[in-house]
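Grab a pencil and keep the viewer open. Here is a set of exercises, each with a solution that goes step by step.

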Amino acid sequence: MIQSADESVSERSGETVLGVRNLHKRFESKGGPPVEALRDVSLDVRCGEVVGLVGPDGAGKTTLLRIATGLLVPDSGTATVLGLDSVRDTLQIRGRIAYMPQKFGLYEDLTVQENLDLYADLQGVEPAARAPRYTRLLEMTGLEKFTGRLAGRLSGGMKQKLGLACALIKSPELLLLDEPTVGVDPVSRRELWRIVYQMVDQEGIGVLVATAYLDEAEKCHRVVVLHEGRKLDEGTPASFREQVHGHTFVVQPPPGVRPRTIQGRLAGRPGIIDATIRGGRVRVVTEERDIAAVTGAMPDNLAAAIDVAGPTFEDAFMKLLAHARSSQSHANLPAAQVSTGVSPHPREPEATIHRGESADGVVHTRDLTKRFGTFTAVSEISFDVHRGEIFGLLGPNGAGKSTTFRMLCGLSKVSAGEVRVAGRDLRRAGSFARQRLGYMAQQFSLYGQLSVFENLRFFGRAYGLANTRLAERIEWALDEFDLRGHRDMASGRLPGGYKQRLAMAAAILHEPDILFLDEPTSGVDPLARRDFWRRINSFAEGGVTVVVTTHFMEEAEYCDRMLIMSQGRELATGTPDEIRELARTEDHPDPTIEDAFIALAEGAARPRGKEGSP
Amino acid sequence: MALALLRIATLVVKEFLAIMKDPKSRVVVIGPPIIQFFVFGYAATFDLNNVRYAVRDEDRSVESRELLSRFRGSPTFRLVGELSSDREVGDLIDRQGVRLVLHIPQTFSRDLHAGRPAQVQVIVDGRNSNVAAVALGYASGIIAQYNAERGGTLAAGAPNAARPTLQLVDRAWFNPNLQSRWFIVSALGGLIAMIVVLLLSSLSVSREREFGTFDQLLVAPFRSGEILLAKALPPMVCGLFDALLLAAAAVLWFGLPFRGSLPALVVALSVFIVSVVGVGLFISSLSSTMQQSLLGSFMFIMPSVILSGFTTPIQNMPQWLQWGTLINPLRYIVTACREVFLQGGTLATIWPQLWPMAVIAAATLASATWLFRHRTA
């Protein structure tokens with residue numbers, strides 16, 4: 001499935017289509033130090049080659065792509081595209097390359113065919129050449145049946161595929177893709193990669209693709225890792241994996257112990273770079289090529305078995321990033337221990353499934369349905385969330401997660417079915433019922449003009465905190481979320497990760513019983529995402545019920561139970577183990593949640609009934 | 001109850017901070033009042049100055065020169081040129097070179113000496129009927145004065161042709177010099193309060209929608225009434241502050257009299273502002289973006305200014321439109337402000353303006369609350 005470099009056939013193979021040399025770019029920022037978007041970055045992309053540009057948010061990926069297209073002028077250094085200079089020969093270059101920005105400019109009021117026609121006109125494709133090109137692109141993207149549909153009515157994955165088809169309308173010599181698969185469902189993600197590889201194999205084009213998904217880096221011929229504008233490393237996925245060979249282990253939790261408990265114990269410990277939950281087990285990356293760091297952290301022999309694991313690109317990436325951060329003077333390393341301030345008595349790390357505490361659970365829905373006109377966004381969703389549970393709503397963009405979420409919080413009217421939070425319908429219940437709720441919206445939704453402190457004070461007071469209690473909680477939040485240095489900064493000007501932390505701080509300042517988090521980790525780099533999940537974990541340990549949506553399938557592993565949604569419908573409900581079980585076959589004995597999603601979406605696995613767990 | 005007050009106070013503080021820290025909102029509070037104060041104070045006047053005119057004097061006598069010198073000496077008129085043919089008259093007026101042409105026929109002095117009524121023709125550019133009428137009025141005035149001094153042997157082309165047997169002694173009350181600036185500036189406070197209040201309140205909800213902060217507000221334990229109240233207060237305070245500031249400036253800068261009672265002005269403005277805040281919040285609840293809010297506000301401002309009697313008298317409008325002005329709050333505050341400034345209005349005398357505004361305020365606030373609840377809850 002994955003093509004390696006030597007297999008690609010092209011008569012021009014090896015010819016450099018993009019050469020970037022010592023690129024520098026800085027952006028002035030109002031009221032702050034200038035942002036160094038790129039610092040001395042060099043790279044090459046050759047014909048018939050897919051190069052991945054990998055790095056956390058703000059690494060400079062988009063800046064580099066935009067310089068290559070001539071949309072930005074570098075401060076120094078050069079970008080040579082097809083032998084032409086990106087600054088001088090911009091117009092000539094534009095006719096020969098294709099660029100797909102993060103949000104591709106599809107005309108949502110035009111049909112699929114009209115969008116293709118429009119881009120063919122814009123790119124000056126000969127009328128005679130169009131018909132065969134259309135046929136090919138439509139066939140590749142699987143959009144043949146939808147040529148008459150309005151682009152605005154396509155699913156997220158289909159939109160992205162149409163965007164790619166439009167970008168490829170005049171076969172380019174170099175294809176630049178900026179995070180083409182963000183928020184796209186796993187099935188469409190695989191298809192997008194298949195299309196890219198078809199173009200590479202059949203037309204020998206060069207591809208530079210920026211991505212936030214680390215598993216996608218494995219699909220590239222070569223990977224360039226960027227971090228804060230600097231190139232950290234470059235090489236084949238295999239060479240990256242080699243760097244962490246012998247540093248990776250998996251811990252199999254004994255029966256009755258949740259992997260989350262073990263992960264929480266390992267994460268952030270000295271000598272341990274990364275601890276994540278994958279496939280019901282805990283993956284650990286260590287500093288030294290030694291198992292001691294892992295065993296040392298498990299004195300009570302929580303682990304049933306510790307095995308050496310095969311390294312992945314992600315492991316190497318985490319190691320690179322951790323080193324890059326620790327080499328900076330005041331690295332913003334996640335605190336080793338997260339205190340919630342919620343409860344001094346963390347729950348026992350036992351695998352009690354919390355059932356029967358209340359008949360309906362803390363959050364309860366039955367046949368929840370939302371219709372917008374004739375369009376059904378959410379169709380008959382039923383689930384219960386129990387006290388202290390982390391419940392995930394999973395699915396690609398457009399699956400109906402956010403709509404479900406908004407109905408839970410009382411922000412959106414329910415078309416049919418019932419919803420109860422803490423026994424009440426939030427739309428009808430008075431403001432008092434909302435007192436025990438914490439809510440973090442998908443986009444940054446605090447007051448950008450107000451400072452960090454003013455925001456915290458406002459939300460604290462909103463939930464009835466006052467005087468010393470308010471002051472205490474604000475002090476706690478400033479420390480806990482590492483915001484003290486930005487206390488008086490307008491929150492709209494905070495860097496991305498800080499905004500997310502402030503939003504979370506505002507949501508839990510009043511120590512809610514139920515926490516609603518809508519895509520808390522979208523647009524956050526892998527390090528910060530881990531940090532987030534550790535916090536969420538610790539809240540749950542303190543007895544807070546957490547309902548969280550995410551489009552990162554692997555994050556499902558952190559949930560106690562989850563509901564997987566696609567196109568407004570429930571695909572499956574259950575614990576991570578139960579979900580994985582649905583996709584387990586003899587060929588595929590160890591599936592991930594993502595595999596399970598694909599199997600469920602393609603109908604290979606039979607989804608459970610309404611009640612996911614027995 | 002105490003908790004509710006605390007929450008409202010929290011919201012009000014937040015709203016004030018949002019206005020003060022948002023450059024756009026700051027401009028709304030400071031910009032329009034200053035601009036309008038000066039624009040309306042200086043530019044919007046019905047008084048004519050510098051009326052350009054030309055002369056076609058076919059008589060060229062001592063008498064004609066004496067009449068013309070009166071025009072030349074008037075600050076209202078400015079001589080542009082002397083014409084020698086009738087064709088030039090048409091040309092000059094066509095291209096708006098002059099507003100008015102004085103035509104003195106050859107027979108002018110002969111008729112005067114003979115004791116016959118003499119004719120002077122005044123040709124006015126009637127394209128702007130208001131200006132034409134005012135210019136004609138000034139010209140008639142000058143000619144009438146000339147007449148009177150000469151013992152009344154001259155008759156202008158204008159209506160008062162007969163020898164004056166009755167003498168009109170006019171005295172304008174409240175505005176003795178009939179300065180239109182008094183008329184305009186006295187009511188300006190109401191207009192400016194409306195613009196400031198409407199813009200700020202119409203932006204308040206849609207700003208939160210646009211920035212995505214609205215959901216966060218709705219899931220917090222606020223009641224919708226509390227949110228609405230907190231959104232209404234800061235625009236009201238800003239609007240009242242601006243209006244009172246301009247009232248002071250009207251007296252100190254433009255020398256307007258302030259003959260009425262200050263409490264009457266404050267009460268009238270407050271009631272008016274409440275009625276406008278209802279409209280603003282209604283628009284804001286309806287809009288999903290700030291741009292829609294602004295468009296909605298201007299759609300309200302334009303007709304309400306024209307139908308308020310601020311510049312043109314309501315009595316001149318057709319009857320059905322006059323009825324329409326009854327629901328326009330600006331109509332009442334314009335009248336009330338003029339009464340207080342020029343006529344010495346007190347709370348008792350402006351009561352006929354107060355109660356309709358109170359009724360309108362109740363209606364707009366109720367509908368804003370209704371819409372806010374239905375669009376959000």
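The exercises below go from chain-wide totals to single residues.

Before you start: the model is predicted, so local features are held to pLDDT of at least 70 and side-chain atom pairs to pLDDT 80 or more, while totals for chains, interfaces and linings use all residues. Residues are numbered from 1 along each chain as its sequence is written, and chains are lettered from A and ligands numbered from 1 in the order in which they are written.

**Exercise 1. Take stock of chain A.**

Step 1: tally the secondary structure. Chain A has 19 helices and 23 strands; these are DSSP runs, with helices being H or I of at least four residues and strands E of at least two, numbered from the N terminus.

Step 2: check burial. Of its 614 residues, 51% count as buried. Buried means 20 or more other C-beta atoms within 10 Å of the residue's own, exposed means 12 or fewer, and partly exposed is in between, with C-beta atoms placed from the backbone.

Step 3: look at contact range. A contact needs C-beta atoms, placed from the backbone, within 7 Å. Among chain A contacts between residues at least 6 apart in sequence, 71% join residues at least 24 apart.

**Exercise 2. Follow helix 4 of chain A from its length to its end.**

Step 1: work out the span. The expected value is 1.5 Å times one less than the number of residues. Helix 4 (residues 127–141) of chain A has 15 residues, so it should span 21 Å, and its end C-alpha atoms are indeed 21 Å apart.

Step 2: look for a bend, taken as the angle between axes fitted to the seven residues ending at a position and the seven starting there. You'll find a kink of about 25 degrees centred on R133(A).

Step 3: pick out the covered face. Y134(A), L137(A), L138(A), M140(A) and T141(A) are the buried residues of this helix, and they pack against helix 3 (112–122), helix 5 (156–167) and helix 6 (186–203) of chain A.

Step 4: step off the end. Just past the helix, G142(A) has a positive phi of about 70 degrees.

Step 5: hop over to helix 6 of chain A, home of M199(A). M199(A) counts as buried because it has 21 C-beta neighbours inside 10 Å. Its C-alpha is 9.7 Å from that of M140(A), 59 residues away along the chain. Leaving out residues up to four places away in sequence, M199(A) touches L168(A), L175(A) and I205(A).

**Exercise 3. Describe how chain B meets chain A.**

Step 1: count the residues. The contact takes 21 from chain B and 24 from chain A.

Step 2: find the helices on the chain B side. Helix 1 (2–21) and helix 8 (214–219) each supply at least two residues, and helix 1 gives the most, with eight.

Step 3: sort that side by class. There are eleven nonpolar, four polar and six charged residues. Here Ala, Val, Leu, Ile, Met, Phe, Trp, Tyr, Cys and Pro count as nonpolar, Asp, Glu, Lys and Arg as charged, and the others, Gly among them, as polar.

**Exercise 4. Which residues touch the most other members of the largest nonpolar core?**

Step 1: fix the term. A nonpolar core is a set of buried Ala, Val, Leu, Ile, Met, Phe, Trp, Tyr and Cys residues joined through C-beta atoms within 7 Å.

Step 2: name the residues. In this core of 248 residues, they are F516(A) and V546(A). Helix 7 (residues 180–211) of chain B gives the most to the core, with 17 residues.

Step 3: look apart from it for another core, of 22 residues, including Y53(B) and F108(B).

**Exercise 5. Explain what is unusual about R60(B) and Q96(B).**

Step 1: recall the background. Most residues other than glycine have a negative phi.

Step 2: read the angles. R60(B) has a positive phi of about 50 degrees, and Q96(B) one of about 55 degrees.

Step 3: place them. R60(B) is in the loop between strand 1 (51–57) and helix 3 (62–73) of chain B, while Q96(B) is in the loop between helix 4 (86–94) and strand 3 (100–104) of chain B.

Step 4: check exposure. R60(B) is exposed, with 11 other C-beta atoms within 10 Å; Q96(B) is exposed too, since it has 11 such neighbours.

How values were computed:
Two residues are in contact if their C-beta atoms, placed from the backbone, lie within 7 Å.
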